[in-house]
Structures are given as C-alpha cells and as structure tokens.
Amino acid sequence: MSSQNSPLMPHEFSRTELITGSQGLQRLTDSAVLIFGVGGVGSHCIEALARSGVGRLIIVDPDLVSITNINRQSIAFHSTIGRHKTHVMKERILDINPGAAVETWETFILPDNLDGFFAQIHGDINYIVDAVDTVSAKLAIAAYAYSRQIPLISSMGTGNKLHPELFEISDITKTSVCPLCKVMRRELKRLGVPGLKVLYSREQPIKPSLVTGEETSKRSVPASISFVPPVAGLLIAGEVIRNLAGI
C-alpha cells in the first residue's frame with residue numbers, strides 16, 4: 001500500500017482534522033485563546049476549544065465552584081465544590097489534550113487592573129473570549145482588544161432564558177431585544193469602540209419565579225437552566241475555531 005493511501009494514525013483530533021484539514025488543525029494547535037470567565041458559558045466554550053486542539057488556553061476566573069453552579073457549568077460537580085474553577089478546568093483540559101499549554105489566573109478583572117494583567121501575559125494572543133458578567137469589565141476588555149486589534153467575541157446575557165435556538169452572533173450595532181446589548185452599545189460608543197462581535201439572544205427575558213438565598217442587595221441572581229449557557233459557549237467556540245482554522 002502506498003503511503004499516499006495509508007490511513008493516518010488515529011489521535012485525539014483525527015475527526016477534527018477530517019473537517020479542518022491538516023493545515024487548519026495545525027493553526028489551532030499554534031493558536032492561543034484567552035478566556036475571561038469559567039462559568040456556564042465559559043466552561044463549555046473552553047472545553048470545546050480544548051477538544052478542537054487549541055494549543056494554548058489562558059483562563060481567567062477568581063471564583064470557586066459552588067453548589068448552584070452544578071446545573072450548567074462543565075466543571076461543577078459535588079466533588080469539585082469549593083475548588084477554584086480555573087484549577088478544575090485546567091485538569092479537564094489536560095485530560096482531553098495533555099499537550100496543551102494551560103495558564104490559570106484567579107484574577108477579578110476590573111478596568112483598573114486590566115492593563116496590568118495583560119502586561120503579565122507573554123506571547124501573542126490570537127483570540128479573546130469574554131464570558132464575564134460585570135459590565136465594566138466587559139467594556140474594558142472590548143476597549144483593550146479594539147486598541148490592540150485582537151479578535152474578540154463577547155457573550156451577552158444568557159440568564160432568564162429558555163430558548164437557545166434564539167441565540168445569534170452579530171455585531172452589537174445590529175442587535176435587538178437584549179437589555180445588556182443596549183447598555184453596551186451606549187457605553188462602547190462613549191469609549192470610541194465602533195463595533196463588537198457578540199453572542200446574544202432575541203428572547204425576551206423570563207422573570208424568575210422564586211427568590212433564592214443567593215439574592216443580594218446589589219443585584220438579583222438570574223435564573224438559569226442546563227441547556228442554555230452551554231449552547232452559548234459552544235456557539236462562541238465554533239466562531240473562534242472557524243476563524244482560527246481558516247474555515
């Protein structure tokens with residue numbers, strides 16, 4: 001049998017290579033993606049990036065796994081409660097792809113510390129995923145990525161939703177319905193950021209039916225369900241992977 005017709009040795013990403021091609025897979029292997037937030041959206045996005053062979057993953061989240069994370073986060077189990085989300089996520093990534101380079105940062109990102117954080121990151125970043133909840137952090141990340149011309153996709157609200165089929169990826173200037181998008185559009189304009197790729201939903205938010213022990217004086221805790229944030233994370237991962245692989 002000629003070498004041209006010989007089957008490739010099976011590996012973790014054999015099926016991925018069939019759709020990306022060898023060059024596309026190599027681009028993913030050579031890429032670095034920075035993900036802010038390892039929650040319902042972020043954890044599933046990160047896992048999909050890892051399962052697609054992205055070679056370097058930089059994950060940022062200060063939080064510990066809590067019991068209320070179990071309904072939607074890929075790193076949340078009774079066995080992981082109380083552990084840093086980033087540490088659990090790193091173990092999961094390396095169990096998928098032992099050859100990946102994984103960096104974890106337990107940093108709460110704010111506008112005041114973002115430049116200092118990036119100063120500690122060495123090497124190129126090929127894509128940024130914003131999956132955090134804080135509006136001020138989302139705006140700071142968007143402004144930083146725009147000023148450095150780093151591709152960025154930002155997740156808008158996924159709480160209080162039941163219809164993941166209504167998610168769309170679009171520029172924020174073309175969005176509707178989503179209350180967070182409205183705030184972000186206004187503030188991005190003020191910052192001089194002309195556009196932002198976002199994952200958002202056209203679904204009208206559902207009003208939670210109960211008050212939980214998580215309620216605080218600062219803000220209400222959004223309702224969530226097992227199948228909505230993960231879909232958002234996977235859609236974001238797909239956008240990133242297609243872009244990086246050149247497909």
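Student: What makes strand 4, helix 5 (residues 135-148) and strand 5 a right-handed β-α-β unit?

Tutor: In this predicted model, the chain passes from strand 4 over helix 5 to strand 5, and that crossover is right-handed. A crossover gets that name if the path runs clockwise when the strands point away from the viewer. Strand 4 and strand 5 (residues 152-155) run parallel.

Student: How do you know that strand 4 and strand 5 count as paired?

Tutor: Pairing requires at least two bridges. Strand 4 and strand 5 have 3 bridges, so they meet the requirement. In this pairing D130 stands opposite S154.

Student: What makes strand 1 (residues 32-36) a partner of strand 4?

Tutor: The two are joined by 4 bridges in the parallel sense, against a requirement of at least two. I35 has V129 as its bridge partner in strand 4. Y127 and V129 point one way from strand 4, I128 and D130 the other way, and all are buried.

Student: Why is V193 called buried?

Tutor: Its relative accessible area is 6%, and buried means under 20%, so V193 is buried. V193 lies in the loop between helix 6 (179-191) and strand 7 (197-201). It touches A143, Y146 and L188, leaving aside residues up to four places away in sequence.

Student: Why is L162 called partly exposed?

Tutor: L162 has 39% relative accessibility. Partly exposed covers values between the 20% and 50% limits, so L162 belongs there. L162 is found in the loop between strand 5 and strand 6 (167-171), and with I206 and F227 it forms a nonpolar patch on the surface.

Student: How do you know that E168 and R202 form a salt bridge?

Tutor: Their closest N and O atoms are 2.5 Å apart, and the rule asks for a distance within 4 Å, so the pair qualifies. E168 lies in strand 6 and R202 in the loop between strand 7 and helix 7 (229-245), so the salt bridge ties together parts that are 34 residues apart in sequence.

Student: What makes E47 and R51 a salt bridge, and is each buried or partly exposed?

Tutor: The closest N and O atoms of E47 and R51 are 3.1 Å apart, which is within the 4 Å limit. The two residues are 4 residues apart in helix 2 (residues 40-51), about one helical turn. E47, at 12% relative accessibility, counts as buried, whereas R51, at 47%, counts as partly exposed.

Terms used
Residues are numbered from 1 along each chain as its sequence is written. This is a predicted model: local features need pLDDT of at least 70, side-chain atom pairs count only at pLDDT 80 or more; totals for chains, interfaces and linings use all residues. Side-chain values use heavy atoms; hydrogens and water are left out. Buried means under 20% relative accessible area, exposed over 50%, partly exposed in between (1.4 Å probe, protein chains only). Patches are made of residues with over 30% relative accessible area and no salt bridge: like charges are joined within 9 Å, nonpolar side chains (Val, Leu, Ile, Met, Phe, Trp, Tyr) within 5 Å. Accessible areas come from the Shrake-Rupley method with a 1.4 Å probe; for residues, only the protein chains shown count as cover. A salt bridge is a side-chain nitrogen of Lys or Arg within 4 Å of a carboxyl oxygen of Asp or Glu. Contact means heavy atoms within 4.5 Å.
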